[in-house]
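Visitor: Could you walk me through this protein, one question at a time?
Guide: Gladly! Have a look first, and then we can talk.

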Amino acid sequence: MAWAGGKVKTSLLMRNWAIVYAGNFIGAILTALIMLGTQQYMFGKGSVGLAALNTALTKVSLNPIQAMFLGIMCNALVCMAVWLCYSARSTIDKILAIIFPISAFVAAGFEHSIANMYFIPMGLLIKQFAPASFWATDTLSKATPAVTVAAYAKLTWVSFLVNNLIPVTIGNIIGGAGLVGLVYWFAYLRTRRA
């Protein structure tokens, strides 16, 4: 909105976005590495790890155009939650204001680039570093067919970037900056000529 109103230069906007994006990426990868160290993926006889693997595989299996549109819808709701928070006065009001848009984005299966910076690398790390005992747990070994590393061949760092992170990020920008930020700027802040 500040950019649309001429208060912020494009270079400053891009710099800010790059710093925030890189910081979120580093934080998400570090969190995934810490969670890998907890071996929480072994909980429930491997069912927690299996859920993480399946979530990551589903996300990288999306068509990039579909991923972009899921990203548009996601960030429209996320930014709407932020706007609703601005109208709240107390902490409880803020919590209540964000519950419905955020719950809607999660329930609808929309895609958020920052969330995916954790979910997909977590699946990739489990696939790469989980010990043989993980793949031999009852949940995985008794599945039909048995769950193996080969079942997750499509789950790669390249598919993470190309099929998900890049198109979802583009969609998030369109949904957040376009459908919310620019629309609100146009409705409330643009200068009107007499």
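**A tour of a helical chain**

Guide: Let's begin with one pair: the side chains of E111 and N116 make a polar contact at 2.6 Å. A polar contact is a pair of N or O atoms within 3.5 Å; within protein, one must be able to donate a hydrogen and the other to accept it, and residues adjacent in sequence count only if both atoms are side-chain atoms. This is a predicted model, where local features need pLDDT of at least 70 and side-chain atom pairs pLDDT 80 or more, while totals for chains, interfaces and linings use all residues. Residues are numbered from 1 along each chain as its sequence is written, and side-chain values use heavy atoms, leaving out hydrogens and water.

Visitor: Why does E111 count as buried?
Guide: E111 is found in the loop between α4 and α5. Buried means under 20% relative accessible area, exposed over 50% and partly exposed in between, using a 1.4 Å probe and protein chains only. E111 counts as buried because its relative accessibility is 5%.

Visitor: Which secondary structure does the protein chain have?
Guide: Helices (H or I, at least four residues) and strands (E, at least two) are DSSP runs, numbered from the N terminus. Along the sequence, the pattern reads α-α-α-α-α-α-α-α. The tally is eight helices and zero strands.

Visitor: How many Å does α3 reach from its first C-alpha to its last?
Guide: Helix α3 covers residues 64-86, which is 23 residues. The expected span is 1.5 Å times one less than the number of residues. For α3 the expected value is 33 Å, and the helix comes close to it, reaching 33 Å.

Visitor: Are α3 and α4 roughly parallel or roughly antiparallel to each other?
Guide: Axes are lines fitted to C-alpha atoms, for helices over the stretch in contact, and angles run from 0 to 180 degrees between N-to-C directions. Under 35 degrees counts as roughly parallel, over 145 as roughly antiparallel, 65 to 115 as roughly perpendicular and the rest as oblique. The axes of α3 and α4 lie 8 Å apart at an angle of about 175°, so the two helices are roughly antiparallel.

Visitor: Which residues of α3 make that contact with α4?
Guide: Contact means heavy atoms within 4.5 Å. On the α4 side, the residues are K94, A97, I98, P101, I102, A104 and F105. On the α3 side, they are C74, L77, V78, A81, L84 and C85.
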